[in-house]
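Hello,

Here is the structure I promised to pass on to you. Please have a look through it first, and then read my notes below.

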Amino acid sequence: MFRLVFALLVCIALVIVPASAQEIEYQEAPMLAEMVGAGTLPPLEERLPASPLVIEPVEEIGTYGGTLNIGTAAITPYLTENLTRETLTTFPMPVPGAGEPMPNLAESWESSDDGTQVTVHLREGIKWSDGEPFTAEDIEFYWYDIMLDENVAIPIDGILLVNGEPPVLEVVDDTTLTFTYPSPYYYFAEAMASIWEIAWPKHYMSQFHPTYNEDATYEELNNLVEWHTGRGAVTLQAWYMVEHVPGEVMRLTRNPYYWKVDTAGNQLPYVDQVVVDVVEDRQAVAVGNVTGDYDFDTMWTGVQHLPLFLESMDERDYSLGSADIPGMLMYINLDHSDPIKNAAFRNLDFRRALSLAINRQEIGDVLYSGLLTPSGTVFSPSSPYYEEEAAQLWATYDVDQANALLDAADYVDTDGDGFREAPDGEPLEIVVNVAQHDLYTPSVEMVIEDWADVGIKGVLNVRDQDLINNLYLAGDFEVSVWDYYGGDVPLAGDLSRLASTGPNTPAWHMQWQDLPISDDFLEVNRILNSATTMPAEERNAALTQVSRLMADNVWNIHLGFYRRPFIKSNRLGNMPNVIARDSQVTAFPPFQLYQVFERYAAGEAPAS
Amino acid sequence: MATFVVRRLASMLLTLFMISIVSFAAIQLPPGDVLTSWVTRQEVQSGAAMPRESLEALRAQYGLGEPLPLQYAKWVSGFPRGDFGLSLSYGGVSVDQLVGRRLGMTYFLVIATLIISWGLAIPFGIYAATHKNSFPDYLLSAVSFVGISIPNFLLAILYIFVAVFLLKGNTVGGLYSSQYIDAPWTWDKVVDFLRHLPVPLFILGLGGMAGTFRIMRANLLDILDQQYVETARAKGLAERVVIYKHAARIAINPLISRLGMQLPVLVSGTIILSIVLDLPTLGPLFYTALREQDMYLAGTILMILAVTLVVGNFIADLLLAWSDPRIRLG
């Protein structure tokens, strides 16, 4: 009897104690507990906000400690250094179709009845990584003294603008601020979740700002912007930078004031240190991930490395996940200065024929390991704006139809050399600018072969990416190749690649104001410019229409969306298997890395 | 001799001055400037175009709108202070900091390669020439042809393939593991460094050895046919003395005069190898700087190469004068 009662008591204790612990007692990493014990750090209760953001891990509650090793081929930090992003709102765990944005720095927000003003309530008690309180003034500082100060080399994010104008930000008190828009704005939470940063530490950065310090110069400030923000010395992110050797290595350590906990009350992040190794070449990143020197990569390796990854997967300790991303886009210069090319590129049937002539399936089988889904220039299947039928418009391989369209447009082979001439008999050659790229360059080679089958002569022009980009921006190209920005959250991408929004003009249609290609283009412009001022339902319908118009008009040629593999070490817990990526760099980061943990140390064998 | 040295020093300075002008101008020839790519990065990140005013402000701050001679004068006038300008492509880090970190390692590799390749090539060359058409001669010649004809970066790729995919090994790239980057030179770091060193040294050494070996062998063969060698033999000198004191000493002259050329070639010849093997030398910096039109960084490295060249030539001339009395002036 006594034993039974005892067992019952134990059971009750087991149920009750953890439940109450979850509500009140927070845990911290051993390395921080040591610092607290030594008196160099305040206790955890003083470091955490009153109500920390609770994160549900991907799979399980992790354990503290260890080091993440990352290889990057970027000499500047922004690409892979972007381990976490802390803005007012955030998308939930980034899997495709993740859903509505959720609170982050902001605990709540509400719109006024007419939709022109948003009031934001910040989470109370958040601290910077140096222990100073985070307040609405830090946001005001970043907004007015950094993004909107034209002497500082950080432009305001395009998605925050309404008709090219930024909203007015006003600080109400330490944790309350308002954004006032010139017209109703229905995209606040999404926009705030899509940008990279919203606050800089005013107490720290103002010493470098001429407005606050007479001795500071803008030149010096601009030299600091890449290193003193986000991952810099004072941050709101999960790790802060302790050492940086330019071009070689970045070392980060956990932010003792990080304001997120897991569902068991453990302060995040789980991992103590992050080492970012800067290597000279993306192939070195690929090999390093295979050998286990690095723990994961979503940036530098892709479908072109799949054979390499599969080769050693059985013997080595890694596995593969995948992300659906947009593929390569061929931008056609609708305002080329040569009248013959100008006429050809402006001819709708000609552009449609160029797209129809491409055997996307074959390119996908040869170069994308069969992971390419042929598609025209529509928004991503994981966005709410996708229509299967629109995606197939002028994107299904059809040599006969391409030939018929070209014949009807009067592009025929008059001199019998196997290539079509322009209507007045002049020879026609299309130069395609493409960067030296291990996926795009061979793709373009295959496109040019396909074009030759319908009598269109394409010429491959492979140059350095910076030069290709400069020529693109100057409008000095015929066809130029780069990423397509039509992913999950297209409004957060570089819209000037898709249409003309605000002050931006797409480089492939510089003369759209004087000589617009068609009314459809103007309609796309209008919708993209005002999409954020439409209520959700109206916005979805309008952007679905944009997607269809882009595909139907073939202003630029998309190969298709593809499943891009990414490599991850098996020693990490809580790594998602499928992630959403808008494009290379825009939209939200691939993982919430603060909830990833180390199962065993690098170089150790897994416990079997 | 003193006038020779002074004259050479004066012409060196003039050469360097000319090189600095040409290199500074040449870097700026392509369209665009270093800001273009930097601004593009910021724009991709924010999804918005940078306002024209910001661009103008930035150009003014970095002096990019100023006339070329003025930009040049500003750059050169910083040299005595050790100020070589800022590198925008590396996020505004000062050039002397970037270059300084890698200069030592670059020269260490170059000089070690030189010592190894000469140390092997000269004895091998002498042996091959004196044992012409023997099996060792054919073997050495075959190896040196391989060394000359396979670019060093290709050897590096082969090495990675064999090490990682055939032997399932792990160590590739770098000169030390990442935890030792910027760490003080402890015993552990030295051991780690020595573990990383053989591969790049072997790859660099093989190419350098091959060329030097061919020259040494061909020269010595020429000289062994000459009459004074016959005379020496006829005098009854030991074959050892004939070869080493009379023939090899003359045959080595072209190698010494090649030394001056070889130093900068070794520096610039390691660019692709350094990219493949991830070596912290000046090579990848130079490549990035040229690609991004980062003129202060590229110009400074060009100047370093130029100084290496003229100083190398100067040393070669002195060595030559020392080794061959006939060349001394005056």
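**A four-stranded sheet in chain A**

Four strands of chain A make up an open sheet, in the order β5-β6-β8-β7, and their pairing is antiparallel. At the edges are β5(A), residues 106-111, and β7(A), residues 168-173, each of which pairs on one side only. On average, neighbouring strands of this sheet are turned by 20 degrees against each other, with direction ignored. Before you go further, please keep in mind that this is a predicted model.

As general background, strands of a sheet pair through backbone hydrogen bonds, and they can do so in a parallel or an antiparallel way. Let me take you through two of the pairings here. β5(A) is joined by five bridges to β6(A), which covers residues 117-122, and these two strands run antiparallel. If you would like a place to start looking, find A:Ser111, which stands opposite A:Val118 of β6(A).

At the other edge, β7(A) is paired with β8(A), again in the antiparallel sense and over five bridges. Which residue of β8(A) is the bridge partner of A:Val168? The partner is A:Thr180. β7(A) and β8(A) also form a hairpin, with two residues between the strands.

The sheet has a helix lying over part of it, too. Helix α4(A), residues 136-147, lies across β6(A), β7(A) and β8(A), the last of these being residues 176-180. The helix runs at about 160 degrees to β7(A).

**Chain A as a whole**

For a wider view, chain A has 608 residues, and 59% of them count as buried. Its secondary structure comes to 18 helices and 24 strands. Among the contacts in chain A with a separation of 6 or more, 71% are between residues 24 or more positions apart.

One residue you may want to pick out is A:Asn553, which lies in helix α18(A), residues 536-553. Is A:Asn553 buried or exposed? A:Asn553 is buried, with a relative accessible area of 5%. Leaving aside neighbours within four places in sequence, A:Asn553 is in contact with A:Leu348, A:Arg351, A:Ser518 and A:Asp520.

**Two helices in chain B**

Now to chain B. Two packed helices are described by the angle between their axes and by the distance between those axes. For helix α14(B), residues 282-291, and helix α15(B), residues 295-323, the axes come within 8 Å and cross at roughly 135 degrees. That angle makes α14(B) oblique to α15(B), and their crossing is left-handed.

Which residues make the contact? From α14(B) there are B:Leu282, B:Leu285, B:Phe286, B:Ala289 and B:Leu290. α15(B) brings B:Leu297, B:Ala298, B:Ile301, B:Leu302, B:Ile304 and B:Leu305. Sorted by class, this contact of α14(B) with α15(B) has 11 nonpolar residues, with no polar and no charged ones.

**A buried aspartate in chain B**

Finally, take a look at B:Asp192, which has its place in helix α8(B), residues 187-196. B:Asp192 has a relative accessible area of 5% and is therefore buried, since the cut-off is under 20%. Beyond the neighbours within four places in sequence, B:Asp192 is in contact with B:Leu175, B:Tyr176, B:Ser177 and B:Tyr180. B:Leu175 is 17 residues away from B:Asp192 along the chain, and the C-alpha atoms of the two are separated by 8.2 Å.

Enjoy exploring, and best wishes!

Notes: Residues numbered from 1 in each chain as written. Chains lettered and ligands numbered in written order. Predicted model: local features only at pLDDT ≥ 70, side-chain atom pairs only at ≥ 80, totals over all residues. Heavy atoms only, no water. Pairing = 2+ DSSP bridges. Axes fitted to C-alpha atoms, helices over the stretch in contact; angles between N-to-C directions. Contact = heavy atoms within 4.5 Å. Parallel < 35°, antiparallel > 145°, perpendicular 65-115°, else oblique. Left-handed = near helix turned anticlockwise from the far one by under 90°. Nonpolar A, V, L, I, M, F, W, Y, C, P; charged D, E, K, R; others polar. Buried < 20%, exposed > 50% of the residue type's maximum accessible area, 1.4 Å probe, protein only.
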